[in-house]
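Here are my notes on the model, set out as numbered points. Please read them with the coordinates open.

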Amino acid sequence: MKELVELKSYPQVEDFIQGHELSFLYVSRPDCSVCHAILPKLRILLDQFPSIDLGQVNAMEVEEIAGNLSIFTAPTLLLFVEGKEYLREDRFVRFAALEEKLTRIYELYISNED
């Protein structure tokens, strides 16, 4: 399963996004049953993309994430490429569609790296 980095402050979130070429943020809340169901599936899915780093943010602990990244619901899944947001999914995630989108972005990015 994909390694998960717990991000406990907004400066840590910013450093995580800027510190990785491909970064994926998983924003959740402890009282969200959908969040608990999605995380294991997400970690398995992201195993297919070794260059993507995964960070988790508890929106209850890092409250300023809502205003800074315009997050209105949990869970919210965000993919950043070189610090810019490229993909956003929230609440009810369709994993087949998410996998297709990730594959397209990832393959494009990896092919441009060469």
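**Notes on the predicted model**

1. A start in the sheet: Thr 76 of β4 stands opposite Asp 90 in β5. On another strand, Val 27 also faces Thr 76. The model is a predicted one, and local features are reported where pLDDT is at least 70.

2. The overall sheet is open and has five strands in the order β1-β3-β2-β4-β5, with mixed pairing. Its edges are β1 (4–7) and β5 (84–90), each of which pairs on one side only. From one strand to the next the twist averages 25°.

3. Which strands run parallel? β1 and β3 do, joined by four bridges, and Leu 4 has Leu 54 of β3 opposite to it. β2 and β3 also pair in the parallel sense, over seven bridges. Within that pairing, Leu 25 has Gly 55 in β3 as its bridge partner. The chain gets from β2 to β3 by way of α2, and the resulting β-α-β crossover is right-handed.

4. The antiparallel side of the sheet involves β4 twice. Strand β2 (residues 22–28) is joined to strand β4 (residues 76–81) by six bridges, the two running antiparallel; Leu 22 stands opposite Val 81 there. β4 and β5 are likewise antiparallel, over six bridges, and Leu 77 has Glu 89 of β5 as its bridge partner.

5. The connection between β4 and β5 is a hairpin with two residues between the strands. One point to look at in the turn is Glu 82, whose phi is positive, at about 50°.

6. How many residues of β4 are buried? Six of its six are, and the strand is mostly covered. Thr 76, Leu 78 and Phe 80 point one way from β4, while Leu 77, Leu 79 and Val 81 point the other way; all are buried. For β3 the count is six of the seven residues, so this strand is largely enclosed by the rest of the structure.

7. Two helices can be placed against the sheet. Helix α1 (residues 10–19) packs on it and touches β1, β2, β3 and β4; the direction of α1 makes about 150° with that of β2. Helix α4 lies across β2, β3, β4 and β5, and runs at about 170° to β5.

8. A search of the whole structure turns up one aromatic pair. The ring centres of Phe 49 and Tyr 106 are 5.1 Å apart and the planes are at 70°; an angle over 60 degrees counts as edge-to-face, so the pair takes that label. Phe 49 belongs to the loop between α2 (33–46) and β3 (52–58), whereas Tyr 106 is in helix α4 (residues 95–113), so the pair ties together parts that are 57 residues apart in sequence. Phe 49 and Tyr 106 are both buried.

9. The same kind of search, over the whole structure, finds one disulfide. Cys 32 and Cys 35 form it, with their sulfur atoms 2.4 Å apart. Is this disulfide right-handed or left-handed? The torsion about the S-S bond is about 85°, so the disulfide is right-handed. As for exposure, the cut-off for buried is under 20% relative accessible area. Cys 32, at 7% relative accessibility, therefore counts as buried, and Cys 35, at 3%, counts as buried too.

10. The last point concerns Ala 59, in the loop between β3 and α3 (64–69). Which residues does Ala 59 contact, leaving aside its neighbours within four places in sequence? They are Val 27, Ser 28, Arg 29 and Ile 65. Val 27 has already come up as the residue opposite Thr 76 in β4. Leu 25 is 34 residues from Ala 59 in sequence, and the C-alpha to C-alpha distance between Leu 25 and Ala 59 is 11 Å.

Terms used. Residues are numbered from 1 along each chain as its sequence is written. This is a predicted model: local features need pLDDT of at least 70, side-chain atom pairs count only at pLDDT 80 or more; totals for chains, interfaces and linings use all residues. Side-chain values use heavy atoms; hydrogens and water are left out. Rings of Phe, Tyr and Trp (its six-membered ring) pair if their centres lie within 6.5 Å; planes under 30 degrees apart count as stacked, over 60 as edge-to-face and the rest as tilted. Buried means under 20% relative accessible area, exposed over 50%, partly exposed in between (1.4 Å probe, protein chains only). A disulfide is a pair of cysteine sulfur atoms within 2.5 Å. Contact means heavy atoms within 4.5 Å. Two strands pair if DSSP finds at least two bridges between them. Axes are lines fitted to C-alpha atoms, for helices over the stretch in contact, and angles run from 0 to 180 degrees between N-to-C directions. A crossover is right-handed if, with the strands pointing away from the viewer, the path from the first strand over the helix to the second runs clockwise.
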